Amino acid sequence: MRTLMAAALLVLAAGCRQPRHPHPELIVEEPSLLKPAIDAANPADEEQLLEGFYEPDPGGWRWAAPEFTISLGVPGELRGREARIECDLWIPEAGWPDLAGMTITARTADRTLGQWRAARPGAQTAAFPVPAALTGEDAILVDFVLDRFIPPRGEETRRLGVVASKFRLVAAPR
């Protein structure tokens, strides 16, 4: 009970900081259960895909919208240390005319983590630095914003960003 009260106080205190997170309604019930690495196609990891992900396609891949949000657990060995978020993604050749030179920006509630620019279609890994100040908590909530997307065409009604595969929080390279 004491732990629950302490957690409630932390949530209230965090709510008083400025600026507010763009997703104040998103609450992680048990942040210690969050994984530091998730697979967008794995139903067991779906709870950490908070917003902006479409249902998996029959081939098992999952499209992300031009704006999407994930949560990653911060493992003990990364607490208070610089880290990085790695995102494995795929940009289809057929979508390259719309996505060429696309930039992905990663943000937390109060800072931009960085930008990554797509230089080619295909499988690739985008990486974003995470300062030590953000790894002191049990979890990190990250918003990704794409400056380009594939617009709805024909029977396709979705705004397609990238095919998201895996996300992981890892130690920063030394």
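1. A cavity, in this note, is a set of grid points where a 1.4 Å probe fits but cannot get out. By this rule, one cavity of 30 Å³ or more is counted. The structure discussed here is a predicted model, and residues are numbered from 1 along the chain as its sequence is written.

2. Overall architecture. The protein contains two helices and nine strands. Read from the N terminus, the order of elements is α-β-β-β-β-α-β-β-β-β-β. The protein has 174 residues, of which 39% count as buried. Among contacts with a separation of 6 or more, 71% are between residues 24 or more positions apart.

3. The largest cavity. Its volume is about 60 Å³. The lining consists of Phe68, Cys87, Asp88, Leu89, Ile104, Ala126, Phe128, Phe144, Val162, Ala164 and Phe167. By class, the lining has 10 nonpolar residues, no polar residues and one charged residue. Asp is among the residue types that count as charged, and Asp88 belongs to this lining.

4. Origin of the lining. Which strands each supply at least two residues of the lining of the largest cavity? They are β4 (83–91), β7 (122–130) and β9 (163–171). The largest share, three residues, comes from β4.

5. The nonpolar core. The largest nonpolar core has 39 residues. Those that touch the most other members are Ile85, Met102, Phe128, Ile140, Phe144, Phe167 and Leu169. Phe128, Phe144 and Phe167 appear in this group, and they are also named in the lining of the largest cavity.

6. Phe167 and its surroundings. Leaving aside residues up to four places away in sequence, Phe167 touches Pro36, Ala37, Ile38, Leu49, Phe53, Phe68, Ile70, Leu72, Glu86, Cys87 and Phe144. Among these contacts, Phe68, Cys87 and Phe144 also line the largest cavity. Another of the contacts of Phe167 is Glu86, which takes part in a network of salt bridges.

7. Salt bridges in general. Side chains of opposite charge can pair when their charged atoms come close. How many salt bridges does a search of the whole structure find? The search finds nine. Arg84, Glu86, Asp88 and Arg168 are linked in a network of salt bridges. Asp88 therefore has two roles in this description, as a member of that network and as a lining residue of the largest cavity, where Asp counts as charged.

8. Asp45 and Lys35. The side chains of Asp45 and Lys35 meet in a salt bridge, with an N to O distance of 2.4 Å. This pair links distant parts of the chain, 10 residues apart: Asp45 is in the loop between β1 (37–39) and β2 (49–53), and Lys35 is in the loop between α1 (2–15) and β1. Is Asp45 buried or exposed? Asp45 counts as buried because its relative accessibility is 3%, under the 20% cut-off. Lys35 has a relative accessibility of 33% and so counts as partly exposed.

9. Arg79 and Asp138. These two residues form a salt bridge in which the closest N and O atoms are 2.6 Å apart. Arg79 lies in the loop between β3 (62–73) and β4, whereas Asp138 lies in the loop between β7 and β8 (139–146), so the pair ties together parts that are 59 residues apart in sequence. Arg79 is partly exposed, with a relative accessible area of 35%. Asp138 likewise counts as partly exposed, at 32% relative accessibility.

10. Glu156 and Arg158. A further salt bridge joins Glu156 and Arg158, with the closest N and O atoms 2.7 Å apart. Glu156 has a relative accessible area of 27% and is therefore partly exposed. Arg158, with a relative accessible area of 19%, is buried, because the cut-off for that class is under 20%.

11. Arg107. This residue is found in strand β5 (residues 103–107). Arg107 is partly exposed because its relative accessible area is 36%, which is between the cut-offs of 20% and 50%. Not counting residues up to four places away in sequence, Arg107 touches Thr112, Leu113, Leu141, Val142, Asp143 and Val145. The C-alpha atoms of Arg107 and Thr69 are separated by 9.4 Å, the two residues being 38 residues apart along the chain.

12. Ala94. This residue lies in the loop between β4 and α2 (96–99). Ala94 counts as exposed because its relative accessibility is 74%, over the 50% cut-off. Ala94 and Ile150 are 56 residues apart in sequence, and their C-alpha atoms are 9.9 Å apart in space.

Notes
Predicted model: local features only at pLDDT ≥ 70, side-chain atom pairs only at ≥ 80, totals over all residues. Heavy atoms only, no water. 1 Å grid on protein atoms, 1.4 Å probe; cavity = no way out; pocket = protein on both sides within 12 Å on 5 of 7 lines; lining within 4 Å. Points joined across faces, edges and corners; volume = space filled by probe spheres on them. Helix = DSSP H or I, 4+ residues; strand = E, 2+ residues; numbered from the N terminus. Core = buried A, V, L, I, M, F, W, Y, C linked by side-chain atoms within 4.5 Å. Buried < 20%, exposed > 50% of the residue type's maximum accessible area, 1.4 Å probe, protein only. Contact = heavy atoms within 4.5 Å. Salt bridge = Lys/Arg side-chain N within 4 Å of Asp/Glu carboxyl O.
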